[in-house]
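Got your viewer open and your mouse ready? Let's take a walk through this chain, one selection at a time.

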Amino acid sequence: MFPTAIAGSLPKPAWLAETHKLWPRWKADGAERAQAQRDATLLWIKTQEDAGLAVIGDGEMSRQHFVHGFLEQVEGIDFEHKVEMGIRADRYKAMVPQVVAPLRLKGRVHEAEARLLRAHTTRRTKFTLPGPMTIVDTVADRFYGDRVKMAFAFAELLNQEARALQADGIDVIQFDEPAFNVYMAEAADWGVKALERAAAGLTCTTAVHICYGYGIEANIAWKQTLGGQWRHYEQVFPALAASRIDQVSLECIHSHVPPELMALLQGKDVMVGVIDVASDEVETPEEVAATIATALRHVPRERLIACTNCGMAPMDRAIAEAKLRALVEGAALASARAG
Ligand code: ZN
């Protein structure tokens, strides 16, 4: 049976935060919000288990956004004075906090949700953190004056939290690096090294997720400019194949990524995106199985994990649930066909 997992985020229930938004406002503060986050995490653990997923995540219920959730626990960042910045090479504008002093962790970042996850499933667990290069692309620098230096400063902090997550019992720690698909030469040059620094000393499984972004308007419009063949992965995969990262999560279904680029990841587990997060149309198990069959031409069967293309945070909750079921049913169908 091909294992199944989500890339990371899941839709927040309406009683926790605004729905269908990438940067949703919370519905409550303080202890009430913490309780709602805990309730939502438990709900999604159960929903993933019921769908039949092999690897279970917390769905990122406790963070407003996949990057800023981590930054909120970092000293040296001014959240009071956010500034507008073009991110991912100006693909869209975001209000971002500013780095104003040396970076240090205030304490644990994700202890509560990691322990909650570990305590409530016996299946393998995955926890996501933003990658160093993507962080420096989602924050304004008023202190370091150098992207690489700042990325390695963040990598140190990520490493501290990643080691602690491993001690909490997490089985897979994944770093999300959509910026690798935007700054490909820099990613191959220093992005992968910063990533390895973030993962240094980990004995659990390590992973990196590289995608073409959430299914939001700006990303959908961007994809329409990328032409018939998306070869971004070609520049980064060789550096990743030579790295110590164990797994690579990539976008596949409904993308224009040439499937043969997966062959560049020799020696790595490949989390193949078989669920489109930019479309509300629920995949049929047949479509999922067909995508897996395509990937199997380039990835050894024991190295293939069926996954979503990206996070599902801005999606409709009922659609996300239906897509999780399609993911597992499609993987089962592909397994039966592969014998
Ligand atoms: Zn993604």
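How many of the residues of S10 are buried? Select 304-308, which is S10, and check: five of its five residues are buried, so this strand is mostly covered. Keep in mind as you go that the model is predicted.

**Stop 1: strand S10**

Stay on S10 and show its side chains. In a regular strand the side chains alternate between the two faces of the sheet. Here you can pick out Leu304, Ala306 and Thr308 on one side, with Ile305 and Cys307 on the other. These residues are buried on both sides, and that leaves both faces of S10 covered.

**Stop 2: next door, strand S9**

Now add residues 269-275, which make up S9. S9 and S10 run parallel and are joined by five bridges. Strands of a sheet pair through backbone hydrogen bonds, either parallel or antiparallel.

Try clicking across the pair. Methionine 271 sits opposite isoleucine 305 of S10, valine 272 faces alanine 306, and glycine 273 has cysteine 307 as its bridge partner.

How enclosed is S9? Seven of its seven residues are buried, so the rest of the structure largely encloses this strand.

**Stop 3: the helix between them**

Select residues 285-295 to bring up helix H9. The chain goes from S9 through H9 to S10, making a right-handed β-α-β crossover. H9 packs on the sheet, where it touches both S9 and S10. The direction of H9 makes about 150° with that of S9.

**Stop 4: the whole seven-strand sheet**

Time to widen the view. On the other side of S9, add S8, residues 247-250. S8 and S9 pair in the parallel sense over four bridges, and leucine 250 stands opposite valine 272 in S9.

Keep adding strands and you get an open sheet of seven, in the order S1-S4-S6-S7-S8-S9-S10, with parallel pairing. Which strands stand at the edges? They are S1 (55-56) and S10 (304-308); each has a single partner strand, so one side of each is left without a neighbour in the sheet.

**Stop 5: helix H5**

Next, select residues 147-167, which is helix H5. H5 packs on the seven-strand sheet, touching S4 (124-130) and S6 (172-176). The direction of H5 makes about 170° with that of S4.

Want to use the distance tool? H5 has 21 residues, and at 1.5 Å a residue they should span 30 Å; the end C-alpha atoms are 30 Å apart, which agrees.

Color the buried residues of H5 too: they include Met150, Ala153, Phe154, Leu157, Leu158 and Leu165. Two residues with longer polar names to look for, Glu161 and Gln166, are buried as well. After H5 comes glycine 169, with a positive phi near 105°.

**Stop 6: the three-strand sheet**

H5 has a second sheet to show you. Three strands form an open sheet in the order S2-S3-S5, and the pairing is mixed. S2 (74-87) and S5 (140-141) are the edge strands, each pairing on one side only. H5 packs on this sheet too, touching S2, S3 and S5, and its direction makes about 75° with that of S3.

Zoom in on S3, residues 92-105. S3 and S5 run parallel and are joined by two bridges. Click glutamine 98 and you'll find its bridge partner in S5, alanine 140.

**Stop 7: tryptophan 44**

Go to helix H1, residues 30-51, and select tryptophan 44. Is tryptophan 44 buried or exposed? It has 27 C-beta neighbours inside 10 Å, so it counts as buried. Setting aside neighbours within four places in sequence, tryptophan 44 is in contact with Leu10, Gly59 and Met61. For a longer hop, go to threonine 203: it is 159 residues along the chain from tryptophan 44, and their C-alpha atoms are separated by 27 Å.

**Last stop: zoom out**

Show the whole chain as a cartoon and you have ten helices and ten strands. The C-alpha atoms fill a box of roughly 55 × 45 × 40 Å, taken along the principal axes. With 339 residues, a compact globule would have a radius of gyration near 20 Å, and the 19 Å of this chain agrees. Buried residues make up 48% of the 339. Of the contacts with a separation of 6 or more, 77% are between residues 24 or more positions apart.

Definitions and conventions
Residues numbered from 1 in each chain as written. Predicted model: local features only at pLDDT ≥ 70, side-chain atom pairs only at ≥ 80, totals over all residues. Pairing = 2+ DSSP bridges. Contact = placed C-beta atoms within 7 Å. Axes fitted to C-alpha atoms, helices over the stretch in contact; angles between N-to-C directions. Rg over C-alpha atoms; globule rule 2.2 N^0.38 Å. Buried ≥ 20, exposed ≤ 12 C-beta atoms within 10 Å, placed from the backbone. Right-handed = clockwise from strand over helix to strand, strands pointing away. Expected span 1.5 Å × (residues − 1).
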